Amino acid sequence: MSQHRALQVPDGLEGERVDSGLARMLGVSRSRAAELAGAGHVHGDGTALGKSDRLVAGVLLEVWLPDPRPAPELQVVAEPVPGMRIVHDDTEMVVVDKPAYVAAHPSVGWHGPTVVGGLAAAGYRISTSGAPERQGIVQRLDVGTSGLMVVAKSERAYTALKQAFRDRVVDKAYHALVQGLPDPHEGTIDAPIGRHPGHDYRFAVMRTGRPSLTHYELLEAHRSASLLQVHLETGRTHQIRVHFAALHHPCCGDLTYGADPSLARRLRLERQWLHAVRLGFAHPGSGEPVQFESPYPDDLAMALDLLRA
């Protein structure tokens, strides 16, 4: 079974490619629109259209959308996560130092280790609201980003920490090694971020995105890259990576966002040089300020040593 949609091409989309114009008309990604056209599901005045054909204003588009498949049920797999360090543990919360290549929680398409699964394997009991596969998760780090994460163990902590992140009263400090030398050496990037229209897994600075604020200051300047300290006011997906890529200073090793592959090879980087070094907030039980710090993991430390040399 499939859903049938009939849409008239507006004047404003005259001359647009089918995949680009259809994405805007249906509110789907450009790659999804291209898939529909490639499968013969897009017709204009009775004729099948390819993704690169051009739209003509006033033409009636017919689109057949396959019925969505039910989302797979996500399961927490309790398996040890090598290298995941417990920085702090009490009745309210646990703070972990997450290695790279570990997701915060199970998600569609991810088959690797997770923080939630690693805690379950270590015998930690998480009792909070939210979807079962992400109980206790109040913040996330990208799979390829290492560093500090707090996980709530009680409902009280979950509510308090979620609110603290929402109110932007959590001190989230990162160190990032970016290509080149940002000018000025200290500043704020205020640029909205949204999902990239042509790539489902990427994000970009775009006028229709969500407000995003990143503060940075220079720590070290080298011939080909700079070490920065970064503070986030907002917590958008890939925020640091997107903001510095937009300034033409992508994180070293971040090939997804335009980093130089030759520099990545020289520094022996297989992921973005980005690490959550400090996390501070009011303890959800006592209200007292707490702060945690994390040293650089071996791969990032080695890259920095190579750069300094």
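Visitor: How many of the nine residues of strand β8 are buried?
Guide: Keep in mind that this is a predicted model. Strand β8 covers residues 171-179, and a residue is called buried when its relative accessible area is under 20%. The strand is mostly covered, and the count of its buried residues is eight.

Visitor: Which residue of β14 is the bridge partner of Lys172?
Guide: Let's look at the pairing of β8 with strand β14, residues 274-282. The two run in the antiparallel sense, joined over six bridges. Lys172 has its bridge partner in β14, and that partner is Leu279.

Visitor: And in β13, which residue is the bridge partner of Gln179?
Guide: Strand β13 spans residues 225-232. It pairs with β8 in the antiparallel sense, over seven bridges. For Gln179, the bridge partner in β13 is Ala225.

Visitor: Let's move to β7. Is Val150 buried or exposed?
Guide: Val150 sits in strand β7, which runs over residues 146-152. Seven of the seven residues of β7 are buried, so the strand is largely enclosed by the rest of the structure. Val150 has a relative accessible area of 0%, and the cut-off for buried is under 20%. So Val150 counts as buried.

Visitor: Which residues does Val150 touch, leaving out those up to four places away in sequence?
Guide: Some of them belong to strands we can name. Strand β6 is residues 93-98, and the list includes Met93, Val94 and Val95. Strand β14 is residues 274-282, and Leu279 and Phe281 are touched too. The full set is Met93, Val94, Val95, Gly136, Val138, Gln139, Leu161, Phe165, Leu279 and Phe281.

Visitor: What is the bridge partner of Val94 in β7?
Guide: β6 and β7 run antiparallel and are joined by six bridges. Val94 is one of the residues that Val150 touches. Its bridge partner in β7, though, is Val151.

Visitor: In which sense do β7 and β14 pair, parallel or antiparallel?
Guide: Two bridges link this pair of strands. One of the residues involved is Gly147, with Ala276 of β14 as its bridge partner. The sense of the pairing is parallel.

Visitor: Now the helices. Why is α5 said to be largely enclosed by the rest of the structure?
Guide: Helix α5 takes in residues 239-246. Its buried residues are Gln239, Ile240, Arg241, Val242, His243, Phe244 and Ala245. The helix is largely enclosed because the buried share of its eight residues is seven.

Visitor: Which residue with a positive phi follows α5?
Guide: We are just past the end of the helix here. The phi in question is near 65°, and the residue is His248.

Visitor: How are α1 and α2 arranged relative to each other?
Guide: Helix α1 is residues 18-26 and helix α2 is residues 30-38, with their axes 8 Å apart. They pack at an angle of about 115°, and angles of 65 to 115 degrees fall in one class. That arrangement is therefore roughly perpendicular.

Visitor: How many residues of the contact of α1 with α2 are nonpolar?
Guide: On the α1 side, the contact is made by Val18, Asp19, Ser20, Leu22, Ala23 and Leu26. On the α2 side are Arg30, Ala33, Ala34, Leu36 and Ala37. One residue is polar and two are charged, while the nonpolar number is eight.

Visitor: What percentage of the residues in the protein is buried?
Guide: There are seven helices and 15 strands in the protein. Its residues number 309, and the buried ones make up 46%.

Methods. Residues are numbered from 1 along each chain as its sequence is written. This is a predicted model: local features need pLDDT of at least 70, side-chain atom pairs count only at pLDDT 80 or more; totals for chains, interfaces and linings use all residues. Side-chain values use heavy atoms; hydrogens and water are left out. Axes are lines fitted to C-alpha atoms, for helices over the stretch in contact, and angles run from 0 to 180 degrees between N-to-C directions. Helices (H or I, at least four residues) and strands (E, at least two) are DSSP runs, numbered from the N terminus. Angles under 35 degrees count as roughly parallel, over 145 as roughly antiparallel, 65 to 115 as roughly perpendicular and the rest as oblique. Contact means heavy atoms within 4.5 Å. Ala, Val, Leu, Ile, Met, Phe, Trp, Tyr, Cys and Pro count as nonpolar, Asp, Glu, Lys and Arg as charged, and the others, Gly among them, as polar. Buried means under 20% relative accessible area, exposed over 50%, partly exposed in between (1.4 Å probe, protein chains only). Two strands pair if DSSP finds at least two bridges between them.
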